Amino acid sequence: MAARDRLGKYGLRYFALGYLTMLLLIPVGMISYRAFEHGFSAAWSSVTTPDALHAFLLTIEIAAIAVVANTIFGVGCALLLVRSNFRGKALLNAIIDLPFAISPVVVGLALLLLYGRTGWFGSMFLDNGVQILFAMPGMVLATIFISLPFVVREVVPVLHEIGDEQEQAAQTLGANWWQTFWRITLPAIRWGVGYGVVLTTARALGEFGAVAVVSGRISGQTETAPLWVWREFGQFNTTGAYTASLVLALIAIATLLAMNSFKRKEAS
Amino acid sequence: MSIIVEQARKQFGDFVALDGVSIEVPDGSLTALLGPSGSGKSTLLRVIAGLEKPDSGRVMISGGDATDVPAQKRGVGFVFQHYAAFKHMTVRNNIAFGLSIRKRPKKEIAERVDELISLVHLDGFGERYPSQLSGGQRQRMALARALAVEPKVLLLDEPFGALDANVRKELRLWLRRLHDDVHVTTIFVTHDQEEAMEVAGQIVVMNEGHVEQTGEPNDLYEHPQTEFVMSFIGPVNQRGAVFIRPHDLELLHVPAPEAEEAMVERIVNLGFETRVELLMANGEQLWAQMTRDEADLLELTDGQIVYVRPRRAKVFEPNGDPRTEEIASAA
């Protein structure tokens, strides 16, 4: 009996570990191995070309804008979903998950239709001299779209969990809506927002499909890091492609570690 | 500051929480809203606080119409059953919250917080977080936080409901004494009649969204106006329209006028008090309450036959005023 229990316990553990090793660890490990195949300096110089640096900078800028936009929208939307009742709430709730359901390429094509020369909004912006497609605004729109649900989905359960009594207590103590939000609600949901930000960042940094469609992929101009990786890979610069992939992964991991260290510092 | 509620109605979907409730709470009093769950007592308290808007009716606080005044401007202190502690703030910052919202000078806030911390016996706990406090301590912190802004009225929603029985008893007494010191008009909600009797100067008994009776604790116990009040406040044996308090049942060894035969089913000793469960000839079950000494004198045993007669009873006949019948006077 005890032996069977132990077999079950360890068997499950090793199965989970083996599964993750095959699917996650080995592929990522291979990337790091191939990146440094020709030494560190070769890897370094492959990702510090002007085009590569521009791609990284552009990716980080776009991700930063998307994170700020989705955090503000996400927190507001979560408050709306949890703290108020209105007609169409279920619909709003469903629409938020749309980016999870739609392929990024489709998102890119949809933006192309809307903001293209003959699209509803495209001609309006173009007439006023604003270029949306094949430029930064289009890429930001695409990135916001695909990474929109994360903050909402992280914050909603936290808001449910903390309940509204603390907010009501603040109200009876004389706090207005804004004071209540800043001093009670936001601190109470901060780690939910934090995880939302980490996920949004990771997703925005890695976005390929939607941005590939709307950016026009002009190297040195509208080429983000994932697009750069893809192009270099196609041109047999495998060292550059693998090293850049590794850098992208490290940036995402760094945001997660940064949040965890804030959290630990606060807990102590 | 007095509180007057006039004809308050509040409906949640199909459920009528308040069905035209009117109450008057005199300045400086300590009033209990007592009733079973779903009686509307918490809703009434939240309507007074401005946390819930009545569908109709008015709320007057110290003579002014407060019906349309938002909660943040009503000047009420509110204490929640589950404390509603600001978890990310220390005890000091919790208590200081209302004052810092009012942008009082730092020094004044610090002094006032020190004063309140010792008032609620939390000396030395100022730098702790709510998660490091016991339930009783959290509730005292919540009370200090509500008192910090010198509210016109203090409202407590089942303040001791989530606490252990011992802590509960202790805090009841403490609330009573605190009220004697601070003297702010206080309303607290409870479903525990003993708590209401022990703490409050005035009790409003609520049932199914309306007020059954208002009065002093003793008055409600001695002169209940409705069957509901009779059976909700204090223990009772009901026989049709006749209600008898268990301590008004007299047990005799020999037959007597007005006395009925009964069998002793079980004797329960609760220290000072003894409960005797009785089975009547017609199958009815009654219980009598007496002191341990009285029970010892009777030398009761399980299965014994005794004769039961009420000393007094309350009769609630349909379409009639309730009347008290003095039946037999104990020797």
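In what sense, left-handed or right-handed, does α10(A) pass α11(A) in a crossing? Work through the exercises below to place this and other features.

This is a predicted model: local features need pLDDT of at least 70, side-chain atom pairs count only at pLDDT 80 or more, and totals for chains, interfaces and linings use all residues. Residues are numbered from 1 along each chain as its sequence is written, while chains are lettered from A and ligands numbered from 1 in the order in which they are written.

**Exercise 1.** Describe how α10(A) and α11(A) pack.

Solution. Start with the elements: helix α10 covers residues 165–172 of chain A, and helix α11 covers residues 177–206 of chain A. Helices (H or I, at least four residues) and strands (E, at least two) are DSSP runs, numbered from the N terminus. Next, take the geometry. The two helices pack at an angle of about 160 degrees, with their axes 10 Å apart. Axes are lines fitted to C-alpha atoms, for helices over the stretch in contact, and angles run from 0 to 180 degrees between N-to-C directions. That angle makes α10(A) roughly antiparallel to α11(A). Angles under 35 degrees count as roughly parallel, over 145 as roughly antiparallel, 65 to 115 as roughly perpendicular and the rest as oblique. Now the opening question: the crossing is right-handed. A crossing is left-handed if the near helix is turned anticlockwise from the far one by less than a right angle, and right-handed if clockwise.

**Exercise 2.** Find the strand order of the open sheet in chain B, then place α1(B).

Solution. Four strands of chain B run in the order β2-β1-β4-β5, with antiparallel pairing. Strands pair if DSSP finds at least two bridges between them. The edge strands are β2 (15–25) and β5 (64–65) of chain B, and each pairs on one side only. Look at β4 (residues 56–61) of chain B: this strand and β5(B) pair over two bridges. In β5(B), B:Asp65 is the bridge partner of B:Met60. Last, helix α1 (residues 41–49) of chain B packs on the sheet and touches β1 (3–12), β2 and β4 of chain B. Its direction makes about 120 degrees with that of β1(B).

**Exercise 3.** Give the domains of chain A and the separation of their centres.

Solution. Domain 1 of chain A is 1–35, and domain 2 is 40–267. These bounds come from an automatic or database domain assignment. Taken over C-alpha atoms, the centres of the two domains are separated by 31 Å.

Technical notes:
Two residues are in contact if their C-beta atoms, placed from the backbone, lie within 7 Å.
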